[in-house]
Amino acid sequence: NRWPELDTVGGYLQATATDRSGYNLQGAVSMPLVKDKLALRAAFLVDGSRGNQVYNVATAKRSRSRTESARLSLRWEPDENFKLNLSYQYLNIDNLLYQQVIGRGAAPTIGSSTRSGPLATTSDYIAVSEGDRRFRNRSHFFTGSAEWNLGSVTLMAIGGYQNSRLTQLYDQDTGNSIPGLINNSLVRQPYKSLSTEFRAISNNSGIWNWSLSAFYSKTTGEVTQSLRSNTYFGNYPAVLGLYMPINTFIRIPMNDRSISIAASSRFEFTPELTLEIGARYTDRSEERRVGK
């Protein structure tokens, strides 16, 4: 993360493109709000491409990948002894990536000579699934750090918060072996994560220096998956209904917590002789419960 400049206005704008439908546009601007004390920086990114370059002959769609991101950063230094940095970032990723297949196509169904797809080689870059294969990530990130020099001791605080929602949808019938049936699996994973650390560090110029720190983190969320686990009696068209439909739903709550404290001492008897001792205690708990 690049922080804003306190005394100058600056920025950039950059754009690139490729002959394979790829593009990237990014830029930023930084400006002081109160010269030498308070400054703001805003940045953005838009990136896209055809992903793995696969074309789905069953749906007439192409693989694609797109990322959008924006970030705001604030820097405050009212005097030489205090520093505060805050930032917020938004991230949105949307990937539609079909699974490439090669070969002559799946065996024809009863009463039909039509295969699941045309003859395909490694250079054809085609897919035949009737459903999509899509991954999405929408996240918000908040970070902050503060440093306060009190003379003999420097106090520091570092923290972050993340709120994300991940979604994955894919057709399990990659080879389209059951025509007319989209055998989807849908996974959702929303979660929130908080972490913070406090430190105290001595600024002694003598033999002994020390540090103390405390850390805390907590992550909560729930992973859910719904999928079809049908039993098929052959690769008959789905309209014939010659399969046993089985729908499965899985739920996994998540609750993780970590607490730790640490201390260290550094004795510098001579430039050639130094002794450093440290200790850390950590208490960590993880909770996973699977429900159907």
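Which side chain meets that of Arg134 in a salt bridge? The partner is Asp94, and the N to O distance in this salt bridge is 2.6 Å; a salt bridge here is a side-chain nitrogen of Lys or Arg within 4 Å of a carboxyl oxygen of Asp or Glu. The two residues bring distant parts of the chain together, since Arg134 belongs to strand β9 and Asp94 to strand β7 (residues 82-96), 40 residues apart.

The model is a predicted one, in which local features need pLDDT of at least 70 and side-chain atom pairs count only at pLDDT 80 or more, while totals for chains, interfaces and linings use all residues. Residues are numbered from 1 along each chain as its sequence is written, and side-chain values use heavy atoms, with hydrogens and water left out.

**Salt bridges**

Side chains of opposite charge can pair when their charged atoms come close. By the rule given above, the count comes to 10 salt bridges, and three of the pairs are listed here.

| Pair | Closest N and O atoms |
|---|---|
| Arg134 and Asp94 | 2.6 Å |
| Glu77 and Arg75 | 3.0 Å |
| Asp283 and Arg257 | 3.5 Å |

The pair of Asp283 and Arg257 also links distant parts of the chain, with Asp283 in strand β16 (residues 273-288) and Arg257 in strand β15 (residues 247-270), 26 residues apart. Strands are DSSP runs (E, at least two residues), numbered from the N terminus. Arg64, Asp94 and Arg134 are joined into one network by salt bridges that share partners.

Residues are called buried under 20% relative accessible area, exposed over 50%, and partly exposed in between (1.4 Å probe, protein chains only). Asp94 counts as buried because its relative accessibility is 15%, whereas Arg134, at 27%, is partly exposed. Glu77 is buried at 17%, while Asp283 is partly exposed at 32%, and Arg257 is partly exposed at 22%.

**A positive patch**

Arg136, Arg138, Arg165 and Arg188 form a positive surface patch, a term for residues with over 30% relative accessible area and no salt bridge, in which like charges are joined within 9 Å. Arg138 lies in strand β9 (residues 133-149), and this residue is partly exposed because its relative accessible area is 48%.

**Around Thr231**

Thr231 lies in strand β13 (residues 231-232) and is partly exposed, at 36% relative accessibility. Beyond its neighbours within four places in sequence, Thr231 is in contact (heavy atoms within 4.5 Å) with Tyr243, Met244 and Ile246. Thr231 and Met244 are 13 residues apart along the chain, and their C-alpha atoms are separated by 5.0 Å.

Key:
Patch = residues over 30% accessible without salt bridge, like charges linked within 9 Å, V, L, I, M, F, W, Y side chains within 5 Å. Areas by Shrake-Rupley, 256 points an atom, 1.4 Å probe, with all protein chains shown as cover. Lys, Arg positive; Asp, Glu negative; His and termini not counted. Charge placed at Lys NZ, Arg CZ, Asp CG, Glu CD. Helix = DSSP H or I, 4+ residues; strand = E, 2+ residues; numbered from the N terminus.
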